[in-house]
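Colleague: Could you take me through this one and tell me how each label was reached? I would like the reasoning as well as the result.

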Amino acid sequence: MATTSVRAPARKGTAPAATAAGRRAPSPYSNWFYLPAALIYGVLFALPTVTSFYFSLTRWSIFDSRFIGLDNYVTFFREPALLSGLTHTLIYAVVTSGLKVVLGLLLAVLLTSQIVARGYLRSVVFFPVLVSTIGVGLTFTVLMNPERGLINQALSVLGVDGPGWLTDPRYALLSVALVDVWKGVGLATLIYIAGIVSIPQEYFEAAKVDGASAWDTFRRIVLPLARPATATVILLSLIGGLRSFDLIWAMTRGGPGFTTDVIASVIYKQYQAGFYGLSTAGNVVLFLVVTAIVLPLSRFLNRKEVEL
């Protein structure tokens, strides 16, 4: 006698154990796993940001505060050093980020080629990234001393009269920018190395079969396919350049005069003078400047990356 099996009807309101693709349906409690990250983000970023916006509208000290509206912003934009500080910040950011992109790419191409001691050279290039910024600044301050510095002494042996790297207003900002590049180019190189190594070898083999030169391989394969690495290096170095303070302060303290003052150093000087509300307003201005520059640039670079 044939038997028939009867399938029990599914309970109303219960979710299927698996989707049509064979994957389990997400748990209704899966959103709770975002809670720790949301708490960390809120405590370490969102709350301090909102608090800074509020205190920028007050005249405050450690013990009390008084709401004064936009007076801090009005005073800040009337600061004579602000315009020059903003100009120096943009010049510094463009010079450092541009050199890091160019030198980082060239070093990455060299260090991914078949050269002797490739691993050792990679370590040497990355080593300055690990050194303290203040230590680098103090060291190069001694090396760039116009009278007793090792750099000018070496130039004098060659018959060249070295300039006042940090004492001449024409060279001070550029000198600090070059030290910044020396310290940070290792990170840019590392990012580019990762981008170049991830390019499939079939492209290089096909180019070699077609008889492409090294320049053609670089221009038609490495350069376009390393675009994500380029976008990352540009954004990171530009943000670092716009926010730069510690290296500049260690080497020149904004001098000679105000020729190396950037927005961050102007803010710090106001803080030293006891104008806490004014310096907080300056930090908000710096945050808005960085956001206004980096956010559109990030969207532009990401759009180009998608089009590629």
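Colleague: Which hand does the crossing of helix 7 and helix 10 have?

Modeller: Helix 7 and helix 10 cross in a right-handed way. Bear in mind that the model is a predicted one.

Colleague: What makes helix 7 and helix 10 roughly antiparallel to each other?

Modeller: The angle decides. Helix 7, which covers residues 172-197, packs against helix 10 at about 165°. Angles over 145 degrees count as roughly antiparallel, so helix 7 and helix 10 are given that label. Their axes are 9 Å apart.

Colleague: Which residues meet where helix 7 packs on helix 10?

Modeller: From helix 7 come A188, I191, Y192 and G195. They meet A229, T230, T232, V233 and L236 of helix 10.

Colleague: And how do helix 3 and helix 7 cross?

Modeller: The axes of helix 3 and helix 7 cross at roughly 40° and come within 6 Å. Roughly parallel needs an angle under 35 degrees, and roughly perpendicular runs from 65 to 115, so helix 3 is oblique to helix 7. The crossing of helix 3 past helix 7 is right-handed.

Colleague: Let us turn to the rings. Why is the pair of F245 and W249 called stacked?

Modeller: The planes of F245 and W249 are 25° apart, and the centres lie 5.6 Å from each other. A pair needs centres within 6.5 Å, and stacked needs planes under 30 degrees apart, so F245 and W249 satisfy both conditions. The whole structure holds twelve aromatic pairs.

Colleague: Are F245 and W249 buried or partly exposed?

Modeller: One of each. W249 has a relative accessible area of 14%, and buried means under 20%, so W249 is buried. F245 is at 22%, which lies between the limits of 20% and 50%, so F245 counts as partly exposed.

Colleague: Which residues do ring pairs link into a cluster?

Modeller: The cluster consists of Y54, F55, W60, Y271 and Y276. Two of its members, F55 and W60, are also touched by T280, a residue of helix 13.

Colleague: How do you know that T280 is buried?

Modeller: Its relative accessibility is 11%, and the cut-off for buried is under 20%, so T280 counts as buried. Leaving out residues up to four places away in sequence, T280 touches S52 and S56 as well as F55 and W60.

Colleague: Which helix gives the most to the largest nonpolar core, and which residues there touch the most other members?

Modeller: That core has 18 residues, and those touching the most other members are Y73, F76, L242, I267, L286, V290 and V294. Helix 2, helix 3, helix 10, helix 12 and helix 13 each supply at least two residues of this core. Helix 13 gives the most, with eight.

Colleague: What is V290 in contact with beyond its neighbours within four places in sequence?

Modeller: V290 contacts L242, R243 and L295.

Colleague: Which residues of helix 12 are buried?

Modeller: I263, A264, S265, V266, I267 and Q270 are buried in helix 12. Just after this helix, G274 adopts a positive phi of about 95°.

Colleague: And how many helices and strands does the chain have?

Modeller: The chain has 13 helices and two strands. Of its 308 residues, 33% count as buried. Among contacts between residues at least 6 apart in sequence, 65% join residues at least 24 apart.

Conventions: Residues numbered from 1 in each chain as written. Predicted model: local features only at pLDDT ≥ 70, side-chain atom pairs only at ≥ 80, totals over all residues. Heavy atoms only, no water. Core = buried A, V, L, I, M, F, W, Y, C linked by side-chain atoms within 4.5 Å. Buried < 20%, exposed > 50% of the residue type's maximum accessible area, 1.4 Å probe, protein only. Helix = DSSP H or I, 4+ residues; strand = E, 2+ residues; numbered from the N terminus. Contact = heavy atoms within 4.5 Å. Phe/Tyr/Trp six-rings, centres within 6.5 Å; stacked < 30°, edge-to-face > 60°. Axes fitted to C-alpha atoms, helices over the stretch in contact; angles between N-to-C directions. Left-handed = near helix turned anticlockwise from the far one by under 90°.
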